[in-house]
Structure formats: C-alpha cells, structure tokens
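Here's a quick briefing for anyone opening this structure for the first time. Have a look around it, then read on.

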Amino acid sequence: MIDAVPIAIVYLDPQERYLFSNHHYEVHYRRNTGEIFGRTMREVLGPERYKEFEPYIRRVLVGETVQFETAIPITGEINVLTFIPDIDDRGELRGFAGLAQDITEYRNAIERLNLTMRAAQMGAWHWSIKTGQVQWDERTEALFGFEPGSFPGTYAAFFAAVHPDDRVPTLKRSLECQSEKRDFSMEYRTIWPDGSIHWLQSIGRVFYDSNGELDSMHGMAFEITERKRNEEALRFSEARFESFANLVPQIISVHETNGSEPPFYSQSWFDYSGLSPSNNTDEERHKLIHPDDLQSILADWDQARVQGLPYEGEMRIRRQDGVFRWFLVKSVPLKDSTGKVAKWFALFTDIHSSKASELQALALQNLSASLLRADTRSEVVNAIVSEGRRAIGADALVINWKNTKEQTLESIGSVGYRQALVDKFAKISIDADLPAAACVRESKIKLYPNRGSWTFPEITDQFAARASIPLMRDKEAVGSVTFAFCEPQEFDRSFQAVMQLLADEFSQSVLRAELLEQAKEEKRKANLANEAKSLFLANMSHEIRTPLNAILGFSKLIKEPGLTTAERQDYIRRVEVNGDHLLRIVDDILDLSRIEARQMKLDIEALDIRNLMTDAFDSLRVLLHGKSIEPKIEFAKSLPALFASDRVRVKQALMNLIANAVKFTEAGHIRIALSFNQTKKTIAIEVEDTGIGIAAEVQDQLFRPFAQGDRSITRKHGGTGLGLVISRSICEALGGSLDLVESHSGHGTVFRMELPDLSDRIGVTAKIPRRVQSASGILSSLSGKKILIAEDSIDNRVLIREYLKDQHMDLSFVENGLEALNQAKAADFDLILMDLQMPVLDGLEATRRIRSVGYDGPILAFTAHALQEEVERSLQAGCNSHLTKPISKEALISTLESFLH
C-alpha cells in the first residue's frame, strides 16, 4: 500500500541511517534498496547535497517537524520535503520519517494561470474583512492605475479609487454578499491617479473562519472599459439617434472623419452655448472652452484622433450667460465594415456638482494657507477673491468696505461680475436697497435664495441667488462679502455657517494684516529717520571736512619759507579749487534750506534759452578735461527766440544735470537736446549720457536729499546728493517737472526737464512751494620710521607729504584699502595712517584684514568722518586712534610721536 502512494517515503534511525524506503522514493531518486538500506543520509546524498539538508535534520532530531522546498538535481523537479520525528512513550526519539512530494506540475500550472490572467487583463485580490487589509497583485494595481507596489493596502485606498457615483452601490453589493453568503459580482468605474476613468468587473467569494464568522473575500478583477463604451454606443440606432440625442440631458455630437458633412450637435448644446447651427464652427467652439483647459484638451484629442483610440477628458465650457461649468467628455471612434474610423461619437456630461465639491475642499485648504501667508490687506483681499468663490461654490464674489466718513461702501475686490455691474457698484450708499448695504446696516447675514427675493434687474439678469455676510470688528460691521449664484440656493444652516466662518476669518485676517502693516510702517519710518539722520551727518561731515582739510593745510604750507614760486602757486591753486568746492556744498545746503523755508525768490524775465544753455555747458567744460567725452547740443527749429523764466535758477538746474552727466561718464557722449511744445507752450530739455547708469533698485532714491545710489559711487565721485533735489524743486516752482526718463546700469542715463513759458509772470516774485523735507528730518624720535599712508585724495596725499617732509621718515602712499592690505603683507611698517572712506576696499575692512594677517603696529584712522559712532566703528575695526580731518601739521606730528616714541 505504501508503495502505491505517489509520495516518496523513507524512515531513518537517530543516527540518520536508512531503515526503510518505498518504491516511489527509489524510482524518484534512482536508488535501489541495496544502495540505501543501512547507509547514512550523508553517504546517500553526498557531502554537498547533505549541507542543504543538515539544518533541517538537526531540528527533527530534537523533536521538531520541519518542511521545506528543494530542487532535485537529477530531474530538476521541485519537491516539498517534510521530516516527522518518531517519539516513543518515554519521549525518546526512535527515528524520523521523510516525505517528498513533487510540486513541479503545480508550479507550472500556477505559472500558466498567471500568464493566462496577464493576457486576459485579469488581476487577483484578497480582502481581509477582519483587519481591513487589501492585497492586490501587480496586475490588479495596473487595472486601478497604480504603479507596481504603490497600492497602500487598505480598503479606504480601494474605496477612494472607485468613482464617487459608484462607491455606495459597490459597498452596498459587498454587504449584501456578506450577509446573504453569496458570491460577489459588480461592475463599477475607477478613477486613476491621472484622472482618467476606467470600468472594471470584480467577482469574488466570501470565506468564513472555523467559528463561522466573516473572515475574508477573494476574487479577480477584469478590465471592461472598452466593452462598456461599446455597450453605450450600441444603445442608439441610426433610425432614432437624432430624436433621442435631443431628449437626453447630455450634449451629444457626431463628427465625420473625412469632414464631408458638418458635425451633428444635439439641441442641448445650442441651448447651453447660445450658438446657432450657422456659427457652430471649430473656432467659435474653442472660444467657449476655458483658456486653462484648451491647449491640453486639443493636444490629447489630437493624439486620440491620430491613433484612433477613445478619448476621455474633463474641461470647463462657458455657458451663454458667461458661467463656466465642468463637463466630462467621452469620445469613441465608430468604424465601418473595413475597420476604418468613419465617425467620432462624443458625449458631454455635466459633472459640475461633483467637481465643485472636490474643488471646494481644495479651495478651502488653499484659502486657509493663503490667508496665513497674507501680510497686507490687499493680499488678504486677493486671497479671498481668488479662493473664496470656489470655497463656497459661488459664481461671483464682491467685497465691500465701509467708508465711515462718507457713509458709503466701496468695492475693494470682486470676481465673476459683468464689468457694468463692477463699475456701477464700485461705491454705493449704506442706505441703498442692496444686499451688501442691508447686511452692513443691520450687522447680520442677508439671504436672497432666488430671483423673486429681490427686485434689482441688473443683478437678477445675471444671477439667481445672492448672500451677503457682514464683516464684523468690535461688534460693528465694517464691510461685507457678497456671494452670487447663477442657480437658486437653499442656504441651509450649514451653508450659512460656512459662509459666516469664511467672513469671520477674512475679518480677522484683515485686522491682523493691518496691525502688521502698521507695525512695519512705524518701524520703517523709525529706521529711515535714524538712517537718514546718520547718513546726512556723515555725508556732510565728510564732504565739508575733505576740502577743508586741504584748504587749511595748504594755507599753512604757503606761509613756510623756502618754497619755490611754482610750489606756492600750486598750493594756492589747490586752496582755491577746494574752496570753490566747499562753497558749492554750502550753497547747496543753503538752497535746500531756502526751499524748505519757502524763502527762495524767483525772478521771471524774458531770456534766450539757446544762450543760457550754451553758457551753462561752457561753464562746466573744465570738467571734461581728461575724459573722452563728445559734447552735443541740439536745438529744435521750433524753439522760440525768447522764453520767460528765472535765468539763474534754470541755469542752476541745467548745470546740476550737466555736471552729473560729466561726473558719471568717462567716455562716449553727453547730449543736450532742447525742443518746444507749441500746444502746451513748454520747453523740454533732455540730458543724455553714456555713463555708468543708475541701478533699478536705487532709482526711487534719486530725488531724496543726500541720496546718491550706493556708497561705492559716493566714495568714487563724491557729492552731497542735493543737486537733483534742488533741480526738481526749482523746476516744480517754475510750474514744470524734472524726471528720470530711463537709465540702465552700465548703459547711461536720460533726464528730462520740462518748463512752461511764464510770460504772464514777468517781473513777479514767486516762492518755491514746500515740497522737500528738511535735511535734519531726512538724515544723519620720527627719523627713519617707516609709515604707510592710505589716502585716496591726491591733495591730502600731497599735504601729508609736505607736513612730514622735514621729519626724514620713509613714507609709502597707496590710494585704496586693497593696496594698503597688500603693502602691509609685503613690508614691515612702524605705523599705518588709514583713511576710512576709499574705493575698492574701505579703511575699516582693510584694517580688519591687516589685523587678521598679524600686523600689531599702530593703525591710526585718518578721516573726515567725525561722528562718535564713526570713532567707535574705527576702534572696533582695530584702529588705535581716530584722527579727524582737517588736521594741522603740528597735531599730526605730535600724534605720530606719541605712538612712535
């Protein structure tokens, strides 16, 4: 009997010696009884094969039943081996039995089944009802649009993949099968992660545990999308197609592939779109598709058409009243007897309600996030306008804010309304018979669920329902949010609660944004005031002390005996040049003071603008020395011979513009062009240069007192930054203007003055109106010693050399901080005299870097900056002392001696 069993059976003693084997074992393993009986398993199997079995033998020898799979080397078959211990009544091992079952065919059958299921687009699934875990094979994942291994394995994930309209029926069918103990069979739609919809059929069987309780459900899923589409297409016959198509609520269209006939559209399309059969062209239909959807829809449709495959997509289509609604569009090819696509059948299904629910949830999330990010009232309004309408599912929205002084409501944001309504209700009286005004007056929500609930034709013509919610602050309505709907609404309590919650969140967000803006503005003003004060004081100190140092120094040097005539003349010239520069600074400050005090008088007279222009330019020609600049002056033919204005002030404004152009231009041209506007009776003067230009980020500072772009420009070119302020004030006092036309960093600048003819004011004394804030409101033994002097001013370098020439010191001069750093690294200096404001690298940073490379000798700050904060800055940077320009020869020598004694 044992020999008849189709299983290989052996019995071995505790020493692993074979005591029995059945016929199937001897045939299967090609051994006879003489080759097996009395031998050990190691001897029969061989050392290498025995190593595979040894771990399992050790376990059975201690009384454990073990099972494992192995391949038979001789035949290649797959066997399941089971070792069973034989224990006597005393619990001792008498031996163990071994059973081997061939499962090769079973494995092959499983593989054939898998191949069959793959070819048939079938997938297997298992649902543990007790744990809620769902297992899908790779093919089932593909049927649901999941990447392999990406399905999370929960019933909720499966349920979410089912089309919303099929979820309840699918769940109901599953519960019926469980309660009635019958097999499960269901057709339903799935929504893939990419948004496409597919039909599946699932069959399954319910299994119960040993207690008869529900345990699990196993089954298979099939792809039936194509079949469902064909079933849908087959519902219509050619004989009654058109009449039926006009009865169904969906929009139906049929297009001939060859275009031999115009496309067919059901009547519902014309009712919805407002088009007529005569203008129902591709172009007009494309205009009705939402711009955000059009390109992707056309691309996907073209691909489906070329490949002859069914098409499915979602898009927004504009209704004839201007409202966009969501449609699910399905299009299938209809083939002729030859298999070629003859027609395309399309079905447009309105899915606006379900789509709106999805979009509402997303909009609420986006709205909450947007409001948290909003830092200004305008940002809060934009968030409500862009997301609030979708959050409520409204077709339009308007926000009105209360103007308490005028007792009006002003629109601060809207979307969805016709422009005529937007314009008409931009500002309305609080007493107006309108929903927005009523809710603010009464401080409570006002509901108008249908057209008959209010009598305002301009609104009822576009919308069927409206709801206005007050925006409350400290128990007072400060505005309202009004939602408008194209369809009548029920406005139940939950709907009202959502709208009120949104309005309250909006009110709080506006309050938070206003407080934040107020705090930022106060902080900005305080910072600007402090910065402006410091900048003003620092700039004025530097601009005045720099020429003053040269004036005082060279004045004293002139008195020293032994000077040559050439040296004395050179010193005198330097005093004069720096004196003129200092005088211009003082004049600019006085002019600004007069403008602020409205004390600058304007003397209007008839003048020759051509001569005035030439004089202004000629007086500044000396500035062109050493530069490769071509000057150009252009006079329009229409320019009048005489023009009434203030000669002195016009020339002053012109010279400021021309001086700036020369100052900031090294090569190229400077063009001054004059033209006359006969209608306005104004002269326009444009000053164009090819200089360094003005960076966009600092252009708004140009007409502020003492502003001159960045500090590197100030160091290189100098100046107070008052010229443009004074020039604009002069132009405005004369009834004209001064503006920056254009400027690009590195590509030059164009300024434009425009002045009116003041012939009617000749001989009249005028005062400049108050336009500019006050400056204060805007701003703020030596012999043989080796010395390094860092100073960018050539006059100051000459002055220092003259001061120290009798001290027999070894002096080295550099013009900027970077050169000072390199010299300090290359040579040993007993002392470094460091100007703080220099190009390339300023003195403070140069001092820090010199200290970082190990220089420990004295470094003396030598600068025109005299404010206490500047002194502290230089000491913090590593300077031993702070010398302020101008400085006398005696004071300089005395200071050096104190550090080098």
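Which elements each supply at least two residues of the lining of the second largest cavity? They are strand 16 (396-403), strand 17 (408-415), helix 16 (419-424) and helix 17 (435-442). Keep in mind that this is a predicted model. Here's the rest of the picture, topic by topic.

**The chain as a whole**

- The protein chain has 901 residues, and 45% of them count as buried.
- Its secondary structure comes to 30 helices and 35 strands.
- About 46,500 Å² of the protein chain is exposed, with carbon and sulfur atoms supplying 51% of that area.

**The second largest cavity**

- Back to the cavity from the opening question: the second largest cavity holds about 170 Å³ of space.
- Its lining is made up of 14 residues, and those nearest the centre are V398, N400, Y417, F425 and R466.
- By type, the lining of the second largest cavity splits into ten nonpolar residues, three polar and one charged.

**The largest cavity**

- The largest cavity has about 200 Å³ of space in it.
- It is lined by 14 residues, with W125, Y155, F158, F184 and Y188 the closest to its centre.
- Five elements are named as giving two or more residues to this lining: strand 6 (122-128), strand 7 (134-136), helix 7 (155-161), helix 8 (164-180) and strand 8 (184-191).
- No charged residues turn up in the lining of the largest cavity, which divides into ten nonpolar and four polar ones.

**Aromatic rings**

- You'll find 23 aromatic pairs in the structure.
- One of them is W136 with F158, an edge-to-face pair at 6.5 Å centre to centre and with 85° between the planes.
- W136 belongs to strand 7 and F158 to helix 7, so this pair ties together parts that are 22 residues apart in sequence.
- Are these two buried or exposed? W136 is buried, at a relative accessible area of 14%, and F158 is buried as well, at 11%.
- Another edge-to-face pair is Y272 with F327, at 5.2 Å centre to centre and again with 85° between the planes.
- Because Y272 lies in helix 11 (residues 267-273) and F327 in strand 14 (residues 324-335), the pair ties together parts that are 55 residues apart in sequence.
- Y272 counts as buried at 10% relative accessibility, and F327 is buried with a relative accessible area of 3%.
- Ring pairs also build a cluster, linking W127, W136, F144, F146, F151, Y155, F158, F159 and Y188.
- Two names in that cluster may ring a bell: Y155 and F158 belong to the cluster and are also among the residues closest to the centre of the largest cavity.

**Charges over rings**

- K181 has its charged end over the ring of Y208, 5.3 Å from the ring's centre.
- K786 does something along those lines with F829: its charged end sits over that ring, 5.2 Å from the centre.

**Helix 24 and R649**

- How many of the eleven residues of helix 24 (residues 723-733) are buried? Nine are, so the helix is mostly covered.
- The buried ones in helix 24 are G723, L724, V725, I726, S727, S729, I730, C731 and A733.
- After helix 24 comes G735, with a positive phi near 85°.
- I730 has its C-alpha atom 6.6 Å from that of R649, although these two are 81 residues apart along the chain.
- R649 itself is placed in helix 22 (residues 647-663), and R649 is buried, with a relative accessible area of 14%.

**Two loop residues with positive phi**

- E16 isn't a glycine, yet its phi is positive, near 70°.
- You can find E16 in the loop between strand 1 (8-12) and strand 2 (18-21), where E16 counts as buried at 11% relative accessibility.
- H808 also has a positive phi, about 55°, without being a glycine.
- H808 is in the loop between helix 26 (794-804) and strand 32 (810-814).
- Unlike E16, which counts as buried, H808 is exposed: its relative accessible area is 59%, and the cut-off for exposed is over 50%.

Methods. Residues numbered from 1 in each chain as written. Predicted model: local features only at pLDDT ≥ 70, side-chain atom pairs only at ≥ 80, totals over all residues. Heavy atoms only, no water. 1 Å grid on protein atoms, 1.4 Å probe; cavity = no way out; pocket = protein on both sides within 12 Å on 5 of 7 lines; lining within 4 Å. Points joined across faces, edges and corners; volume = space filled by probe spheres on them. Helix = DSSP H or I, 4+ residues; strand = E, 2+ residues; numbered from the N terminus. Nonpolar A, V, L, I, M, F, W, Y, C, P; charged D, E, K, R; others polar. Phe/Tyr/Trp six-rings, centres within 6.5 Å; stacked < 30°, edge-to-face > 60°. Buried < 20%, exposed > 50% of the residue type's maximum accessible area, 1.4 Å probe, protein only. Lys NZ or Arg CZ within 6 Å of the ring centre and 35° of its normal. Areas by Shrake-Rupley, 256 points an atom, 1.4 Å probe, with all protein chains shown as cover.
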